Amino acid sequence: MSRKDRKELKKGKGQKREKTVSTPMQLRRLMEKELEPKRYQHTLGVAYTAAALAMRYNADMDKALIAGLLHDCAKNLSVEKQFRICGRHSIAVSAAEQKNPALLHAKVGSFLAWHRYGIEDREILDAISWHTTGRPEMRLLDKILYVADYIEPARNQAPNLPQTRKLAFEDLDECLFLILRDTLAYLSASKTEIDPMTQQTYDYYRAEREKGGRQ
Ligand code: DGI
Ligand code: FE
Ligand code: FE
């Protein structure tokens with residue numbers, strides 16, 4: 001590789017990847033080095049909870065593990081660094097993400113999962129992209145990661161956790177809806193600006209639920 005190529009690559013031109021590693025074991029070690037101990041603990045909890053949900057709902061267990069291991073991989077980067085990565089790699093930043101940069105780690109994490117950790121699977125990359133806000137018409141893996149992020153064993157803040165954890169293994173869609181509802185209630189109460197995508201996801205699943213005869 002010429003010096004020019006290397007420089008271009010560093011700047012993100014051509015969107016080449018840095019390396020290819022993708023077994024859950026390798027990713028676990030990398031995340032242990034990358035993340036703060038508490039975040040790593042949460043990451044392991046999400047990975048194994050997602051794998052357990054994958055078992056329950058006949059989803060791909062390895063994909064669930066990998067999505068869980070990498071979902072917060074950008075969390076340790078400063079906000080400045082995350083904005084820089086977006087700029088360099090032409091990742092669109094929404095108005096909501098501009099205002100609340102804490103939302104940005106999902107998109108940046110998805111990019112790094114591809115660029116730095118060698119993940120090519122679209123389902124895994126999308127699940128990471130949407131793990132904070134959700135999105136209408138979520139795939140099974142999106143739902144599994146979203147729910148696992150909320151119920152993993154180290155979480156202890158959210159209301160109704162015991163019921164939500166039980167429900168996750170009984171009715172994934174109902175559980176997803178209740179998490180969305182509780183999250184919106186929490187964001188409203190704390191006067192945090194709601195990302196339109198979070199609102200759209202909630203509206204979509206509320207309508208789906210009503211179609212299914214629930215009020
Ligand atoms: O990264 P985690 O801490 O594991 O959790 P997360 O990816 O769900 O996101 C972190 C925070 O983002 C969490 O406190 C909930 C919050 N969040 C979710 N939807 C919205 C939101 N924050 C804002 N400002 N607006 C949203 O719509
Ligand atoms: Fe997150
Ligand atoms: Fe998380």
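Q: Leaving aside neighbours within four places in sequence, which residues is Arg 39 in contact with?
A: Contact means that two C-beta atoms, placed from the backbone, lie within 7 Å. Here, Arg 39 touches Asp 72, Lys 75 and Asn 76. This is a predicted model, where local features need pLDDT of at least 70, side-chain atom pairs count only at pLDDT 80 or more, and totals for chains, interfaces and linings use all residues. Residues count from 1 along each chain as its sequence is written, while chains are lettered from A and ligands numbered from 1 in the order written.

Q: Where is Arg 39 placed, and why does Arg 39 count as it does for exposure?
A: Arg 39 sits in helix α3 (residues 37–56); helices are DSSP runs of H or I, at least four residues, numbered from the N terminus. A residue is buried with 20 or more other C-beta atoms within 10 Å of its own, exposed with 12 or fewer, partly exposed in between. Arg 39 has 15 such neighbours, so Arg 39 is partly exposed.

Q: Which residues of α11 are buried, and what covers them?
A: Cys 175, Leu 176, Phe 177, Leu 178, Ile 179, Leu 180 and Thr 183 are. Their cover includes α9 (140–151), α10 (161–168) and α12 (196–211).

Q: How do α11 and α12 pack?
A: You describe two packed helices by the angle and the distance between their axes. For α11 and α12, that's about 135° and 10 Å, so they are oblique (neither under 35, over 145, nor 65 to 115 degrees). Axes are lines fitted to C-alpha atoms over the stretch in contact, with angles from 0 to 180 degrees between N-to-C directions. Among the residues that meet are Phe 177 and Leu 180 in α11, and Tyr 202 and Tyr 205 in α12.

Terms used. Helices (H or I, at least four residues) and strands (E, at least two) are DSSP runs, numbered from the N terminus.
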